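Work through the two exercises below with the sequence and the model in view. Try each task before reading its solution.

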Amino acid sequence: MERRVISTKARPEEQTFEKSLRPKTFDEYIGQEKVKNNLQIYIKAAKVRHEPLDHCLFYGPPGLGKTTLAGVIANEMGVHMKVTSGPAIQNPGEITAILGSLQDGDLIFIDEIHRLNRQVEEVLYPAMEDYAIDVVIGKGSTAKSIRINLPKFTLVGATTRAGLLSQPLRDRFGVISHLEFYRPDELSIIVKKSAEKLNVPIDDEGAYEIARRSRGTPRLSNRLLKRIRDYAEVRYDGRITKKIAEEGLKLLEVDKCGLDRTDRNMILTIIEKFSGGPVGLDTLAAALGEDPETIEDVYEPYLVKNGFINRTPKGRVATDLSYEHFDVQKKPD
């Protein structure tokens, strides 16, 4: 009999309403085909051998489904999932308590794993490699180390900044997968499936209009869908068409390229205040009143991928596409 997926901590992403939109199996999971196909092979092989899945690391921009994928793995393996995050684990005792509560085959998901401190990481090394933890009892000359064996488990880590993971921790993951931005056609399927779960009537063109302005991110697609649903119910009969989607997205200040107010402010700041760049990340963050990590992790990946800005050794530079998009004349060098 399969064991249900549980969480050890209430998180906004895990609230009942949000969870209803999450796929539970690989058949329901849209996109990330290469990652999904590989995982299906690894899971099938692990189940044949009656072993836990090897430790997995998923990295990529936020909102691409790393948490959802961990839940799908737990469901496909038929095991419990315990959820925590790097910033929530403050000391080795906390990770020791979590690991000590695991049962054979359990999956532990650590979001933002790059934010684990070094002492916690050192507890994970033997836990991941040998399924054991070393506990020091006593102090000074009377102190002694005791090794406690753990049940075999799977650790799934998620990060937006794989480069910040220490090499020893990264090397202990047997499966490392990069999640890519979604294509509009994939997001359109996600929007229609989410609309069906929310009992929102939507046509293909309306779904595609939301999808193509969602910055390649399922989380944003679902967020925009819910806001357009509100607009359609208040101003119209509740059905979302292309026209209604365009009107609702205009109110949300999401333009035809999926850029929101912060994106536009960022690009125009580079163009107008810094003559198109280059401008350093910290300087740009100060000018925008944003955290540098937020710019680097949330806004930049989409803008770089779609050619609006370039990252150079000297700083961020607005591209010709940005000048064209905002109809701004580029100043001669």
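**Exercise 1: the sheet**

Task: In this predicted model, find which strand β3 is joined to by four bridges, and then place the pair within its sheet.

Solution. Begin with strand β3, residues 107–111, which four bridges join to strand β6, residues 154–159, the two running parallel. Within this pair, Ile-110 faces Gly-157 of β6. Next, widen the view to the open sheet of five strands, whose order is β2-β3-β6-β1-β7 and whose pairing is parallel. At its edges lie β2 (81–85) and β7 (175–178), each of which pairs on one side only. From one strand to the next, the twist averages 15°. Finally, add helix α2, residues 33–49, which packs on the sheet by touching β1 (56–59) and β7, and whose direction makes about 160° with that of β7.

**Exercise 2: two helices**

Task: Decide how helices α7 and α8 are oriented to each other, and describe which residues meet between them.

Solution. Two packed helices are described by the angle between their axes and the distance between the axes. Here the axes of α7 (residues 184–197) and α8 (residues 204–212) come within 8 Å and cross at roughly 120°. An angle from 65 to 115 degrees would count as roughly perpendicular and one over 145 as roughly antiparallel, and α7 and α8 are therefore oblique to each other. The crossing in which α7 passes α8 is right-handed. The residues that meet include Leu-187 and Val-191 in α7, and Tyr-208 and Ile-210 in α8. Sorted by class, this contact of α7 with α8 holds seven nonpolar, one polar and four charged residues.

Key:
Residues numbered from 1 in each chain as written. Predicted model: local features only at pLDDT ≥ 70, side-chain atom pairs only at ≥ 80, totals over all residues. Heavy atoms only, no water. Pairing = 2+ DSSP bridges. Axes fitted to C-alpha atoms, helices over the stretch in contact; angles between N-to-C directions. Contact = heavy atoms within 4.5 Å. Parallel < 35°, antiparallel > 145°, perpendicular 65-115°, else oblique. Left-handed = near helix turned anticlockwise from the far one by under 90°. Nonpolar A, V, L, I, M, F, W, Y, C, P; charged D, E, K, R; others polar.
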